[in-house]
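Student: I have this model open and would like a close look at its side chains, especially the charged pairs, the cysteines and the packing around them. Could you walk me through that part?

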Amino acid sequence: MKKNDVYQVFDSRFNKDDMYKQISNELKKQKGKQVIMKYSFASILFIFVVSGFFISKNIFDQKEVPSAFDEIKDEIYINEVDNTIYDSVSNLDVHVLDSKYSNFDVVPISVQVPDDLKLDTIHLVYIKNDQTNEYDILHDVIQCYRGNERGVNVSYSSIGEVLRDVDIPNGSVSIISGIEVMISKNDETFISQFKYHDIYYDIESYCLTIDEVINMIKSIIE
């Protein structure tokens, strides 16, 4: 068979234009798949990189955020006062009534006192009503705890600072559980004054340690 005849037979059975188109299309498909694989791999790699960044960032961010349960450090200052504060005669114009003689029931507030102290009495301190001229405005409630040669008066008021026979000079302020507390000391007596949730407190203790006093304050604040 002549060379030209071979070309004619080949061309008749396999149209070279059609084959060229098929081969060209096949190459385009292969190239397209390679491009898709290339960009798919790039996309997946990008996702892993971004995800890794945010995960690591989240871990570091968590380390930088302080815990809500971190203990608040207390700052304790004891202001020494001398006996001259008791020299003046009290001119406090009040009427003090034992709660058992009151017309209404008084529910004592919860406070953690040392185990050897027991609630002895609750006193109600009334001030004069200018309109009625009667002592019918309840200003303070005093819970008195007593033990063997030890005791504490826990006083509180919702209308103003607890009334006292003597004025306690201002001094350095302590911080207990985030609350400002004025702690004064005279011999074996501690006087702690603070305001919490719009209630004024005045705790006067006899022969108690400063740790016992702080525990009582914290039992009210916390």
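Tutor: Happy to! Let's settle one term before we start: a residue is buried when its relative accessible area is under 20%, exposed when it is over 50%, and partly exposed in between. Please also keep in mind that this is a predicted model.

With those limits, Cys207 has a relative accessibility of 36%, so it falls in the partly exposed class. Cys144, in contrast, has 4% and therefore counts as buried. Do the cysteines pair up or stay apart? A disulfide needs two cysteine sulfur atoms within 2.5 Å, and by that rule there are zero disulfides. Cys207 has another feature to look at: its phi is positive, about 60 degrees, although the residue is not a glycine. You will find Cys207 in the loop between β9 and α3. Asp187 also has a positive phi without being a glycine, with a value near 55 degrees. Its place is the loop that runs from β7 (179–186) to β8 (189–196).

Now to the charged pairs. How many salt bridges does a search of the whole structure find? The count is five. Let's begin with Asp74 and Lys218, whose closest N and O atoms are 2.8 Å apart. Asp74 sits in the loop between α2 (16–64) and β1 (79–80), while Lys218 belongs to helix α3 (residues 210–221), so this bridge ties together parts that are 144 residues apart in sequence. Both partners are in the middle class of accessibility: Asp74 is partly exposed at 24%, and Lys218 is partly exposed at 22%.

Next comes the bridge between Arg150 and Asp116, with 2.9 Å between the closest N and O atoms. Here, too, distant parts of the chain are linked: Arg150 is in the loop between β4 (134–146) and β5 (151–157), Asp116 is in the loop between β2 (94–98) and β3 (118–129), and the two positions lie 34 residues apart in the numbering. Arg150 is buried, with a relative accessibility of 18%, whereas Asp116 is partly exposed at 38%. This pair also has company, since Asp116, Arg150 and Glu212 are linked in a network of salt bridges.

A further bridge joins Asp202 and Arg164, with an N to O distance of 2.7 Å. Asp202 lies in strand β9 (residues 199–206) and Arg164 in the loop between β5 and β6 (173–176), which links distant parts of the chain that are 38 residues apart. Are these two partners buried or exposed? Asp202 has 3% relative accessibility, so it is buried; Arg164, at 17%, is also on the buried side of the 20% limit.

From the charges we can turn to the nonpolar packing. In soluble globular proteins, nonpolar side chains tend to be buried together. In this model, the largest nonpolar core holds 27 residues, and the members that touch the most others are Val152, Phe194, Ile203, Met216 and Ile217. At least two residues of this core come from each of β3, β4, β5, β7, β8, β9 and α3. The largest share is that of α3, which gives six residues. Ile217 shows how such packing looks from one member: beyond its neighbours within four places in sequence, it contacts Ile176, Val181, Ser192, Phe194 and Ile203.

Finally, zoom in on two serines. Ser174 is part of strand β6, and its 0% relative accessibility makes it buried. Its side chain reaches the backbone nitrogen of Tyr77 at 2.7 Å. Residues up to four places away set aside, Ser174 touches Glu75, Ile76, Tyr77, Ile179, Glu180, Val181 and Ile183. Ser172, in the loop between β5 and β6, is partly exposed, with a relative accessibility of 38%. Once neighbours within four places are left out, its contacts are Tyr77, Asn79 and Met182. The C-alpha atoms of Ser172 and Ile183 are 8.2 Å apart, with their positions 11 residues apart along the chain. If you display both serines together with Tyr77, you can follow their contacts with that residue, since Tyr77 is listed among those of Ser174 and among those of Ser172.

Key: Residues are numbered from 1 along each chain as its sequence is written. This is a predicted model: local features need pLDDT of at least 70, side-chain atom pairs count only at pLDDT 80 or more; totals for chains, interfaces and linings use all residues. Side-chain values use heavy atoms; hydrogens and water are left out. A salt bridge is a side-chain nitrogen of Lys or Arg within 4 Å of a carboxyl oxygen of Asp or Glu. Helices (H or I, at least four residues) and strands (E, at least two) are DSSP runs, numbered from the N terminus. Buried means under 20% relative accessible area, exposed over 50%, partly exposed in between (1.4 Å probe, protein chains only). A nonpolar core is a set of buried Ala, Val, Leu, Ile, Met, Phe, Trp, Tyr and Cys residues joined through side-chain atoms within 4.5 Å. Contact means heavy atoms within 4.5 Å. A polar contact is a pair of N or O atoms within 3.5 Å; within protein, one must be able to donate a hydrogen and the other to accept it, and residues adjacent in sequence count only if both atoms are side-chain atoms.
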